[in-house]
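Thank you all for making time this morning. I would like to walk slowly through one structure, taking a few of its parts in turn, and I ask you to keep the picture open while I talk.

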Amino acid sequence: MTFTVYAELAQEVSKKLDRLAKKADAYGIQFSYSTGAEHPQLVRVMGVDPVTQTQAEVSRHTVAAVNFEVECDGLIRANGWTVRAKVEHGDKGNIVTVFGGYKANPAWYTAAPNCDHCQTNRYRGVTFFVEHEDGSVRQVGRTCLKEYTGISPATAAMWAEVQDLVDRGVDCTREEWDAWHPAPMYEVLGILAHAADEVREFGYRRSSEPDSTRDRVLGRVLSGEQPSEAGLAEAREVMDWLTAMEPDDASDLERNCITLALSGYAKRNHIGMLAYMPVGHRRKIERQAQQEAAVARSEYVGEVGQRITLKAATVALLSSWDGYYGTTWLYKFVDESGNVFIWKSSRPFTAEDGATIRATVKDHNERDGVKQTIVTRCCLAA
């Protein structure tokens, strides 16, 4: 049988199954289990509807979960017999525990504590209903179960313990959710979309910097904010890029993000990795374009101090950071000839690709083999 538990409970469940395995070994009964990898699981939280006063779904969450596969039929099956239910007898009626998803016979809830094996007329607190492979059903007492079927009452009780684990499931009440509150998982596509929106608006800020891209993306995700359509479109491109990437060609960071992209979900502590991926994707595209496209190399433009006018084929905000004198914004313009211009601004600047920009040449330098014209006092040309 297969059942699912919250990832936080996997170690506790493993300990219980280990204990049951030792008991089963002492009885000479086969018992084994295996554990699957962590995966996202949808959890429904149930509560009482204030209008109808009936159970209703109040919320849904995606959490980390683990599957357990248990092989333990030998606990309740032997010599052609299978235990179908345990019955606890009482004056006000019986409590019936069925095994293996079997459907209880309504008559069992009022059945007298009889034993079809010994036929002894005495009070029994517990009896079992067992079914033979030929379809016949018998009721036997605890002490006769082993003699009649070869199944030990102790192993049947162990099955009930396993059943308790199986029946726990992942869906829960509002009170259980508040008490357990398992670690949530978030859609990778949404995280990447928020990251794309952040980088487009503020540039990329490293995790070590105040108000970093990672922290801002985390805030958006936790608040349930919806990313823009442009962010979602870029996120899909990043997902396609990651899932198509050869792991041997990827960096350590990219390999981790490939795994997250393939699974589709990430934990809170993975958000920082994913927050960089839109930047990594853009830079990879730029590097590929530089290598593959036959374009002229960037050249220095103008003289230091000269006021120039440039037609910016592309306008990009590379980054922004907070300092003693406020926020600095780092922009990159590339003109129609492929010349690169860099501007550190004390104010945000809005311009579309193709804009005409007036600027003053501040310096000339070179970065990664690319000549750059450093400019200042930029504005849109009238």
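**The barrel and its strands**

Let me begin with one pair of residues that you can find on the screen: K332 stands opposite I342, and I342 belongs to strand β15. Before going further I should say that this is a predicted model, so please hear every value that follows as something computed from that model.

The two strands behind that pair are β14, covering residues 326-335, and β15, covering residues 340-345, and they run antiparallel, with six bridges joining them. As a general matter, the strands of a sheet pair through backbone hydrogen bonds, and they can do so in a parallel or an antiparallel way. Here β14 and β15 are part of a closed barrel of five strands, which runs in the order β13-β14-β15-β17-β16 and has mixed pairing. If direction is ignored, neighbouring strands of this sheet are turned against each other by 40° on average. A helix also belongs in this picture, since α5 packs on the sheet, where it touches β13 and β14, and the direction of α5 makes about 115° with that of β13.

**Salt bridges around α5**

That helix takes us to the charged side chains, and a search of the whole structure finds 20 salt bridges. One of them joins E198 to R220, with the closest N and O atoms 2.7 Å apart. What does this pair tie together? E198 lies in helix α5, residues 188-202, whereas R220 lies in helix α6, residues 213-223, so the salt bridge connects parts that are 22 residues apart in sequence. Both E198 and R220 are buried.

A second salt bridge brings together the side chains of D322 and R205, at 3.3 Å from N to O. Because D322 sits in strand β13, residues 307-323, and R205 sits in the loop between α5 and α6, this pair ties together parts that are 117 residues apart in sequence. Are these two partners buried or exposed? R205 is buried, with a relative accessible area of 5%, while D322, at 36% relative accessibility, counts as partly exposed.

A third example is the salt bridge between the side chains of R214 and D215, again given as 3.3 Å from N to O. R214 counts as partly exposed at 33% relative accessibility, and D215 counts as partly exposed at 37%. Salt bridges that share partners also build a network, and one such network joins twelve names that I will read only in part, including D197, E198, R205, R220, R282 and D322.

**Two nonpolar cores**

Let us now turn to the nonpolar side chains. The largest nonpolar core has 35 residues, and among those with the most contacts inside it are F3, F31, F68 and L145. Several elements give two or more residues to this core, among them β1 (2-6), α1 (10-26), β4 (55-71) and α3 (153-168). Which element gives the most to this core? That is α3, with six residues.

L145 is a useful residue to click on, because we can list what surrounds it by the cut-off of heavy atoms within 4.5 Å. Leaving aside neighbours within four places in sequence, L145 is in contact with residues including V83, F128, V130, I151 and A156. There is also a second, separate core of 26 residues, and this one includes L232, M239, L242 and I258.

**Three single residues**

To finish, I would like to look at three residues one at a time. H39 is found in strand β3, residues 39-48, and H39 is buried, with a relative accessible area of 19%, which counts as buried because the cut-off is under 20%. A polar atom of the H39 side chain lies 3.4 Å from the backbone oxygen of A37. Setting aside neighbours within four places in sequence, the contacts of H39 include T4, V63, N67 and M185.

The other two residues are in loops. N79 has a positive phi of about 55° although it is not a glycine, its place is in the loop between β5 (77-78) and β6, and N79 is exposed at 63% relative accessible area. Q119, which is not a glycine either, has a positive phi of about 60°, lies in the loop between β7 (95-98) and β8, and is exposed, with a relative accessible area of 58%.

Technical notes:
Residues numbered from 1 in each chain as written. Predicted model: local features only at pLDDT ≥ 70, side-chain atom pairs only at ≥ 80, totals over all residues. Heavy atoms only, no water. Salt bridge = Lys/Arg side-chain N within 4 Å of Asp/Glu carboxyl O. Helix = DSSP H or I, 4+ residues; strand = E, 2+ residues; numbered from the N terminus. Buried < 20%, exposed > 50% of the residue type's maximum accessible area, 1.4 Å probe, protein only. Pairing = 2+ DSSP bridges. Axes fitted to C-alpha atoms, helices over the stretch in contact; angles between N-to-C directions. Polar contact = N/O pair within 3.5 Å; in protein donor to acceptor, adjacent residues only side chain to side chain. Core = buried A, V, L, I, M, F, W, Y, C linked by side-chain atoms within 4.5 Å.
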